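The following is a walk through one protein chain, going from side-chain pairs to the sheet and the helices packed around it. Please keep the structure open while reading.

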Amino acid sequence: MADVRLETESNRPLDVAPRTAAAYLDPHYWNERFAAEEHYEWFKDYSHFQHLLRPFLSPSHSVLEIGCGNSRLCEELRRDGVADITCVDISPVAVERMQNRLRDMGLEGIKVVQADMLDMPFGGESFDVVIEKGTMDVLFVDSGDPWKPRPATVDKVMKMLQGVHKVLKPEGTFISISFGQPHFRRPLFEGLGFTWSVDWKTFGEGFHYFFYTLKKGRRMSDNKECGSERPSMPSISLLHEELEDENYIFRTTICEELETLET
């Protein structure tokens with residue numbers, strides 16, 4: 001994986017991308033990154049998918065963001081009228097820095113908690129909406145064949161989804177923003193024991209991100225036809241700024257793995 005140099009808010013160049021995708025699974029990498037990096041939005045900022053998310057939000061809703069990192073999503077949700085927001089991240093550095101940032105901004109009532117997405121410290125039926133943006137994708141960086149991920153990867157993903165399903169209130173909604181295409185994600189989302197429907201839309205300019213909505217208590221057996229044949233990877237027409245974006249590097253790694261399997 002190539003190095004990527006980003007500009008922080010202090011305009012100081014910062015090397016942030018690891019040399020191998022597997023490093024994204026290392027908590028130490030994230031602690032080091034968050035100690036130096038002020039802000040980075042994985043899979044675009046709120047303005048790009050706000051129109052998709054707003055219909056699922058209400059001022060009375062309790063919202064959980066998984067893997068908040070140094071994103072500003074919680075701030076945008078507050079501006080959109082959501083009062084009860086909880087953010088979690090596995091990195092104590094990210095949690096402390098976000099707590100300080102929100103305090104300095106005078107934004108009260110947003111709870112930031114250190115927690116592992118595979119073992120979330122919340123009771124059942126605690127949240128109306130659960131959101132993850134690129135967090136689940138990290139679990140797939142060493143998954144092998146995307147059509148038949150390694151058992152260890154599947155176990156982690158299912159553990160995360162089971163935790164999300166547990167903390168969602170009846171009729172609650174899980175929002176997953178991902179590079180993962182429906183033919184890869186749907187078999188996991190529709191695993192045994194889940195009582196949610198699965199739907200998706202796309203957003204993005206040069207290449208698509210997937211905006212999944214899983215509505216608890218409304219399971220449907222056939223939302224969309226995925227087909228059994230392997231689709232070809234879509235061509236990419238990138239804007240200049242996207243070529244410098246770490247999201248592109250991350251997606252390229254995934255595409256290269258799939259193309260290797262198909263040749």
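**Salt bridges, sheet and helices**

Arg-101 and Glu-75 are joined through their side chains by a salt bridge, with an N to O distance of 2.5 Å. The two residues come from distant parts of the chain, since Arg-101 belongs to helix H4 (residues 92-105) and Glu-75 to helix H3 (residues 73-79), 26 residues apart. Arg-101 and Glu-75 are both buried. The coordinates are those of a predicted model.

This pair is one of 10 salt bridges found in a search of the whole structure. Another is formed by the side chains of Glu-41 and Lys-133, at 2.9 Å from N to O. Glu-41 sits in the loop between helix H1 (27-36) and helix H2 (46-53), while Lys-133 is in strand E6 (residues 127-133), so this salt bridge ties together parts that are 92 residues apart in sequence. Here too, both Glu-41 and Lys-133 are buried.

Strand E6 takes part in a further salt bridge, between Asp-128 and Lys-169, whose closest N and O atoms are 3.4 Å apart. Asp-128 is in strand E6 and Lys-169 in strand E7 (residues 168-178), and the pair links distant parts of the chain, 41 residues apart. How do the two residues stand in terms of burial? Asp-128 has a relative accessibility of 18% and therefore counts as buried, because the cut-off for buried is under 20%. Lys-169, with a relative accessible area of 27%, is partly exposed.

The burial of Asp-128 fits the strand that holds it: seven of the seven residues of E6 are buried, and the strand is mostly covered. What lies on either side of E6 can be read from the strand pairing. Strand E3 (residues 62-66) pairs with E6 in the parallel sense, over four bridges, and within this pairing Leu-64 stands opposite Val-130 of E6. E6 also pairs with E7, again in the parallel sense, over six bridges. There, Val-129 has Thr-173 in E7 as its bridge partner.

These pairings belong to an open sheet of seven strands, ordered E5-E4-E3-E6-E7-E9-E8, with mixed pairing. Which strands stand at the edges? They are strand E5 (110-114) and strand E8 (196-203); each has a single partner strand, so one side of each is left without a neighbour in the sheet. From one strand to the next, the twist averages 15°. At the E5 edge, strand E4 (residues 84-89) pairs with E5 in the parallel sense over five bridges, and Cys-87 stands opposite Val-112 in E5.

Helices pack on this sheet. H2 does so by touching E6, E7, E8 and strand E9 (209-216), and the direction of H2 makes about 140° with that of E8. H7 also packs on the sheet, where it touches E7, E8 and E9; the direction of H7 makes about 20° with that of E9.

Is helix H7 enclosed or open to the outside? Seven of the eight residues of helix H7 (residues 182-189) are buried, so the helix is largely enclosed by the rest of the structure. The buried residues are Pro-182, His-183, Phe-184, Arg-185, Arg-186, Leu-188 and Phe-189.

One of these residues can be followed further. Arg-185 is in helix H7, and its relative accessibility of 5% is the reason it counts as buried. Which residues surround the side of the chain where Arg-185 sits? Apart from neighbours within four places in sequence, Arg-185 is in contact with Met-136, Asp-137, Phe-140, Ser-178, Gly-180 and Tyr-212. The C-alpha atoms of Arg-185 and Pro-146 are 9.6 Å apart, although the two residues are separated by 39 residues along the chain.

A last contact is between two helices. H1 and H4 pack with their axes 7 Å apart, at an angle of about 25°. That angle makes H1 roughly parallel to H4, because angles under 35 degrees count as roughly parallel. H1 contributes Asn-31, Phe-34, Ala-35 and Ala-36 to the contact, and H4 contributes Pro-92, Val-93, Ala-94 and Arg-97. Sorted by class, the contact of H1 with H4 has six nonpolar residues, one polar and one charged.

Terms used. Residues are numbered from 1 along each chain as its sequence is written. This is a predicted model: local features need pLDDT of at least 70, side-chain atom pairs count only at pLDDT 80 or more; totals for chains, interfaces and linings use all residues. Side-chain values use heavy atoms; hydrogens and water are left out. A salt bridge is a side-chain nitrogen of Lys or Arg within 4 Å of a carboxyl oxygen of Asp or Glu. Buried means under 20% relative accessible area, exposed over 50%, partly exposed in between (1.4 Å probe, protein chains only). Two strands pair if DSSP finds at least two bridges between them. Axes are lines fitted to C-alpha atoms, for helices over the stretch in contact, and angles run from 0 to 180 degrees between N-to-C directions. Angles under 35 degrees count as roughly parallel, over 145 as roughly antiparallel, 65 to 115 as roughly perpendicular and the rest as oblique. Contact means heavy atoms within 4.5 Å. Ala, Val, Leu, Ile, Met, Phe, Trp, Tyr, Cys and Pro count as nonpolar, Asp, Glu, Lys and Arg as charged, and the others, Gly among them, as polar.
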